[in-house]
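Biologist: Please take a close look at one part of this model, the part where you would begin yourself, and then work outward from there in a single connected account. I would like each term to come with its cut-offs.

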Amino acid sequence: RAKSAGGNRSELADPEADARAITRHGLTTALPTALERGEFFIEYQPLVHLGDGSVRGAEALVRWLHPQHGVLGPDRFIPLAEHTGLIVPLGRWVLEESIRQARAWRVRHGGQDAGPLRINVNLSPCQLSHPGLVQDTVDILERAGVTPDALCLEVTESALIGADDDLLKPLRRLAEMGVDIALDDFGTGYSNLANLRRLPVSVLKLDRSFTQGMQQFPADPVDLKIVEGIVTLAHSLDLAVTVEGVETGAQAEQLRVLGCDTAQGWYYARPGPPERLHDLALADAKG
Ligand code: C2E
Ligand code: MG
Ligand code: MG
Ligand code: MG
């Protein structure tokens, strides 16, 4: 792009960037009405036990069915929702909707108890610092008649780096109630491993970048060593390890041998409608 002395002109000189900015602006202003109009929906991706292949739960992943642009992934609108604060009501809706879904799965499984299907919900940093988080979560669980142990909240490692006690307090309260807290995208945030002891987490979700290193065979020995080290450390701290982005059977086998507990990825299933989880878990229960 040509450098221009007049600041405004250089912006006009890049029509693509302009279009992107307009879309961003358009999406941002459309977000509040989208929530009112029910344009968001949730896909669920199964979490599979690496030892026996059983479906243990699912992660809720939000999508936006935009009237003009079609289905938009969270990377397109979550940052905008965080910027405007709409993430708080949107995140509350995701929590409510997926807990309602977890309840429906349990009923289908013929029990009020924890059953095999648990639900993982992503939490953004803004929700974490919102004072209503704990009470909202308690209310949503109670209204749905779902016990806290059915819920796992995923918080990214980067959101918790350097977190002070005020930020950790609501997570601690939720953990004490029996809600699991997972550290999402673990390994990308350069956090101090010793720091883990201070966080109220019970699950590490190893980032997809680690599984990517195991695509080729034989896998990169350094990657294997790193994963092995993380798993050993996690287990010694009583943390379960989930791996994301498993795309092949060879990866799944490597990760199982390395001691990872649970896996998620296209090899098992892409994110999909809630009915699919039903069928998967039922097929599973029948062996
Ligand atoms: P995440 O929590 O790390 O979710 C995993 C992402 O990896 C999902 O992308 C999922 O579709 C994708 N994925 C799963 N298996 C595979 C695989 O085998 N290969 C590859 N290449 N990708 C795989 P998605 O659905 O686009 O979500 C992106 C991110 O958006 C999520 O990353 C999460 O951080 C965020 N997000 C999604 N839903 C919500 C939500 O309700 N609230 C908040 N705050 N963030 C959300
Ligand atoms: Mg996640
Ligand atoms: Mg993740
Ligand atoms: Mg990730």
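Modeller: I would begin at the magnesium ion (ligand 4), whose protein donors are D185 (OD) and E244 (OE), at 2.2 to 2.5 Å from the ion; donors here are N, O and S atoms within 2.8 Å of the metal (3.2 Å for Na, K and Ca), and since water is not among the atoms, sites may look incomplete. D185 also bridges this ion, the magnesium ion (ligand 4), and the magnesium ion (ligand 3), the two lying 3.0 Å apart. Distant parts of the chain are linked by the pair, for D185 belongs to strand β6 and E244 to the loop between β8 and α11, 59 residues apart. Helices (H or I, at least four residues) and strands (E, at least two) are DSSP runs numbered from the N terminus.

This is a predicted model, in which local features need pLDDT of at least 70 and side-chain atom pairs count only at pLDDT 80 or more, while totals for chains, interfaces and linings use all residues. Residues are numbered from 1 along each chain as its sequence is written, chains are lettered from A and ligands numbered from 1 in the order in which they are written, and side-chain values use heavy atoms, with hydrogens and water left out.

At the magnesium ion (ligand 3), the protein donors are D184 (OD), D185 (OD) and E244 (OE), lying 1.8 to 2.8 Å from the ion, and in sequence these donor residues follow the spacing D-D-x58-E. D184 coordinates both this ion, the magnesium ion (ligand 3), and the magnesium ion (ligand 2), with 3.6 Å between the two. Because D184 lies in strand β6 (residues 180-186) and E244 in the loop between β8 (240-243) and α11 (249-257), the pair ties together parts that are 60 residues apart in sequence. D184 counts as buried at 5% relative accessibility, as does E244 at 13%, whereas D185 is partly exposed with a relative accessible area of 26%; buried means under 20% relative accessible area, exposed over 50%, and partly exposed in between (1.4 Å probe, protein chains only).

Moving outward to helix α3 (residues 74-84), F77, I78, L80 and A81 are buried. Viewed down the axis of α3, the buried residues fall within an arc of 170°, so they line one face of the helix, the arc being that of the directions from the helix axis to the C-beta atoms. D75 and H83 are exposed on the other side of α3. The cover over the buried residues of α3 includes α2 (15-36), β1 (40-49), β2 (55-66), β3 (70-72) and α4 (87-108), where contact means heavy atoms within 4.5 Å. G85, just after α3, takes a positive phi of about 90°.

Aromatic pairs come next, and the structure holds 5 of them. One of these is formed by Y44 and W105, edge-to-face at 5.2 Å centre to centre with 80° between the planes. This pair links distant parts of the chain, as Y44 is in strand β1 and W105 in helix α4, 61 residues apart. Y44 is buried at a relative accessible area of 1%, and W105 is buried at 0%. W64 and F77 form an aromatic pair that is also edge-to-face, 5.7 Å centre to centre and with 90° between the planes. Here W64 in strand β2 and F77 in helix α3, 13 residues apart, link distant parts of the chain. W64 counts as buried at 0% relative accessibility, and F77 counts as buried at 0%. Ring pairs also join F40, W64 and F77 into a cluster. Rings of Phe, Tyr and Trp (its six-membered ring) pair if their centres lie within 6.5 Å, and planes under 30 degrees apart count as stacked, over 60 as edge-to-face and the rest as tilted.

Finally, S54, in the loop between β1 and β2, is buried with a relative accessible area of 13%, and its side chain makes a polar contact with the side chain of R56 (2.8 Å). A polar contact is a pair of N or O atoms within 3.5 Å; within protein, one must be able to donate a hydrogen and the other to accept it, and residues adjacent in sequence count only if both atoms are side-chain atoms. R37, in the loop between α2 and β1, is exposed with a relative accessible area of 60%.
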